[in-house]
Structure formats: structure tokens, C-alpha cells
Amino acid sequence: MSTAPISGTDVHGDRELRDRLGGIMALAHVNTFHPNAFVWPQAVTPENLEYLSVVAYGDPGHEREAIAYVVKELAQLAEIERHVSATMALILSEMPLHPGLGELSEGYELHHALSCFAAEELHHANTFFRYVREISGFEPRLPDSRFGERLSVFQQDDHPWVKLIALCASAYVGESVITVFERRTDRLDPDRRYFVTRLLHLHGLDEARHIKVDHIVMRELYSRLSTEQRARTRELLTAIETLNSRLADDFTTLIGKLTGVDIAEVPAYRMQMAITRSFAERLFDDDGNPRTADELLNDELRQLIHDFSGAEHVHTPRRGDLPAPRTDI
Ligand SMILES: [Fe+2]
Ligand SMILES: [Fe+2]
């Protein structure tokens, strides 16, 4: 069994990781939101629905299609967030069954970080579900969301770190894609006048912490796994990604039936799919090690993201060059 660390990665000690997790969550009670705090009637004003058309198509006039697209994506995201929340609670509950997890699992920091993550995802699911009901006027709920099947992927006898890495890696792709959408809405609406801009901005306050936790999990915990455990992590990741993509197909069919809109024709959807596919395909480097959404960018993907969101990065801006200070003033 190999326990070699990821090449090029600094592997940190348990105490340092606990401190980092504690630091990430230090202001989780401040930089967050509650669904009660939104002014819900604003979500459905004509200006706000028109803005959805601008986000999805680039101009007004496609409100019906844009609403159908947003409903499909956010109802589906709510289901996935609820599953992430439940699976994190499951992993936390199973950790005491695995003695030898080391100092990282002791104390409150990891428990607190994963508990905050899980609680926030359940709140997001609650918020997004309310939002899609408001803007659609119907109940975009599947008769069977495959929840049991999705949970069962993580109910086998795997090491807690294997489960946690697979779960975080699967969530990470979606969290990175919605970050790109948050940047697009921020760019189109810098004063955050529109409901969906505020919604994505506030969601992003929590997501910024989730991303940092994902990075620690995907780098530091992955580096501790044996070769067999790494292979198993990839198996679990493939299994949950397969089920999540079936869920996406189910939502496309459901929303197509309820609205008569072919989601595949919506420009933002096509862009979203292109970015999602590239993130998922490039998440692991040629040596099989996970990398961040910014590390995996190539020129083509960076250009695609720039054209869509105005930013050339996903989570971490690249260090830029500047000329020397002027001396003629
Ligand atoms: Fe979320
Ligand atoms: Fe998240």
C-alpha cells in the first residue's frame, strides 16, 4: 500500500489543519443568511423575471424559457444539497467507529466545520426550493428523487476519509460552476438590485467556506490515503456522479413536461454543461491527484469562463503582473 503524498503538495499536520478549519468557520455565524430575510414578493416582479432572461440569454424576452431553466437547475441543486447534508451527518456519525483517525478527528474543529457545512446545505436546499416554487408557480418536485439510492453509495463499509473526499469532490464541481454563475450575475448587476443576484451572492458567502473545506479535504486527506483507498474514492465519486446525472435527466424531463420548454436549447444551460463537463473531466491531474478549479483551467476553459462571467478565475485570482510605479509624476 502506498501512502505517498500528492506530488507538489505540502502535507500539513493535524494540529495545523484543525486550526485552519477553525479559522475558515470563525465567521460562519456572520457571513451567512436565512431564507426568512429575503423579501420574497420581489422574486416574481416583472423586472426580476426579465433579469433571469438577461442572465440566461443575454437579453430580455425569453422569460418563460429562462424561468424553466432556473427552476430545473435550482430544484435539482436543492436535491443534491439535501443529499450532501445528510451524507455529511452520516460520515460524522460514523467517525467514532473508526479509531485511529488521528488528532484531526479530535476536538471540535472538524466536527464543527462539517456540521456547519451540512447545516448550510440544508438551508440552501430550503431556500432554493422556495425560490423555484415562487418563480414557477408550481411544485417542481420529482415523485422519486433517488435519495435512498444516492445515500446508499455512502452506506458501505468505507473509511470516513474515502467517503468525505468522494462527497466533497462531487459537490465541488457544482459549487465551482455556481460560483461562475454568481460572478456572471455580479457582473451584470453590480449593485445587486435583482433578487437572483442577491440569492447567489448570499449563497456564495457559505459556499466560499465550503470550497475551502473541499480544498483541505481533497488535498490533505487524499494525500493520506493508500493506493487502494484512492481507487475506491474514485469509484464512489463515479457512482454518485452517475446518479446525480440521472437526477439531472429526471429534472429535465419533469420541467420539460410542466413548462413545454426544451432546457437543452437555453444558452446558459449549454454554457453550464460545457463548463461542468470540463471541470469534471479535469478534476484529477495526469497522476490521479485532485486539483482545484483554478489549477485545472486551460486557456480554452479560462476564455470560456471569462466570456460568460467576466472573470478569468473561479475561486482564486491569478497573481497578475503590474508595471513599475511611474516616476514622471
Ligand atoms: Fe449550497
Ligand atoms: Fe456548498
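**An all-helical predicted model**

Arginine 146 is partly exposed, with 16 other C-beta atoms within 10 Å. This residue makes a handy starting point for a first look at the model, which is a predicted one. Arginine 146 sits in the loop between helix 4 and helix 5, the latter covering residues 147–152. Its backbone deserves a glance too: phi of arginine 146 is near 60°, a positive value in a residue other than glycine.

A second arginine can be described in much the same terms. Arginine 192 is not a glycine, yet it has a positive phi of about 55°. Its place is in the loop between helix 6 and helix 7, where helix 7 takes in residues 195–221. Arginine 192 counts as partly exposed, since 15 C-beta neighbours lie inside 10 Å.

With these two loops located, the overall plan comes next. The protein contains 10 helices and zero strands. Read from the N terminus on, its elements therefore run α-α-α-α-α-α-α-α-α-α, a pattern that needs little decoding. The C-alpha trace spans about 70 × 60 × 35 Å along its principal axes. For 329 residues, a compact globule would be expected to have a radius of gyration near 20 Å, and the protein, with 20 Å, agrees with that. Of these 329 residues, 40% count as buried. Contacts across the sequence are also well represented: among contacts with a separation of 6 or more, 78% join residues 24 or more positions apart.

How do the helices meet one another? Two packed helices are described by the angle between their axes and the distance between the axes. Three pairs are presented here in that way.

The first pair is formed by helix 3, residues 63–94, and helix 4, residues 109–136; their axes come within 8 Å and cross at roughly 155°. Angles over 145 degrees count as roughly antiparallel, so helix 3 is roughly antiparallel to helix 4. The crossing of these two helices is left-handed. In the contact of helix 3 with helix 4, the residues divide into 21 nonpolar, five polar and three charged.

The second pair brings together helix 6, residues 160–188, and helix 8, with axes that come within 9 Å and cross at roughly 40°. Helix 6 and helix 8 are therefore oblique to each other. Here helix 6 passes helix 8 in a right-handed crossing. On the helix 6 side, the residues that meet helix 8 are Val162, Lys163, Ile165, Ala166, Ala169 and Ser170. Their partners in helix 8 are Gln229, Arg232, Thr233, Leu236, Leu237, Ile240, Glu241 and Asn244. By type, the residues of this contact divide into seven nonpolar, four polar and three charged.

The third pair lies further along the chain. Helix 9, residues 267–282, and helix 10, residues 299–309, have axes that come within 11 Å and cross at roughly 145°. As with helix 3 and helix 4, the crossing of helix 9 and helix 10 is left-handed. Met271, Ala274, Ile275 and Ser278 in helix 9 meet Leu301, Leu304, Ile305 and Phe308 in helix 10. The residues of this contact comprise seven nonpolar, one polar and no charged.

Two single residues round out the picture. Leucine 164 is found in helix 6. Is this leucine buried or exposed? Leucine 164 has 26 other C-beta atoms within 10 Å, and because 20 or more are enough for a residue to count as buried, leucine 164 is buried. Leaving aside neighbours within four places in sequence, leucine 164 is in contact with Ile91, Val217 and Leu221. Threonine 87 is 77 residues away from leucine 164 along the chain, and the C-alpha atoms of the two are separated by 8.6 Å.

Glycine 260 offers a contrasting setting. Its place is in the loop between helix 8, residues 227–259, and helix 9. With 10 other C-beta atoms within 10 Å, glycine 260 is exposed. Glycine 260 and glutamate 65 are 195 residues apart in sequence, while their C-alpha atoms are 8.9 Å apart in space.

How values were computed:
Residues are numbered from 1 along each chain as its sequence is written. Chains are lettered from A and ligands numbered from 1 in the order in which they are written. This is a predicted model: local features need pLDDT of at least 70, side-chain atom pairs count only at pLDDT 80 or more; totals for chains, interfaces and linings use all residues. Axes are lines fitted to C-alpha atoms, for helices over the stretch in contact, and angles run from 0 to 180 degrees between N-to-C directions. Helices (H or I, at least four residues) and strands (E, at least two) are DSSP runs, numbered from the N terminus. Angles under 35 degrees count as roughly parallel, over 145 as roughly antiparallel, 65 to 115 as roughly perpendicular and the rest as oblique. A crossing is left-handed if the near helix is turned anticlockwise from the far one by less than a right angle, and right-handed if clockwise. Ala, Val, Leu, Ile, Met, Phe, Trp, Tyr, Cys and Pro count as nonpolar, Asp, Glu, Lys and Arg as charged, and the others, Gly among them, as polar. Two residues are in contact if their C-beta atoms, placed from the backbone, lie within 7 Å. The radius of gyration is taken over C-alpha atoms; the globule rule is 2.2 Å times the number of residues to the power 0.38. A residue is buried if 20 or more other C-beta atoms lie within 10 Å of its own, exposed if 12 or fewer, and partly exposed in between; C-beta atoms are placed from the backbone.
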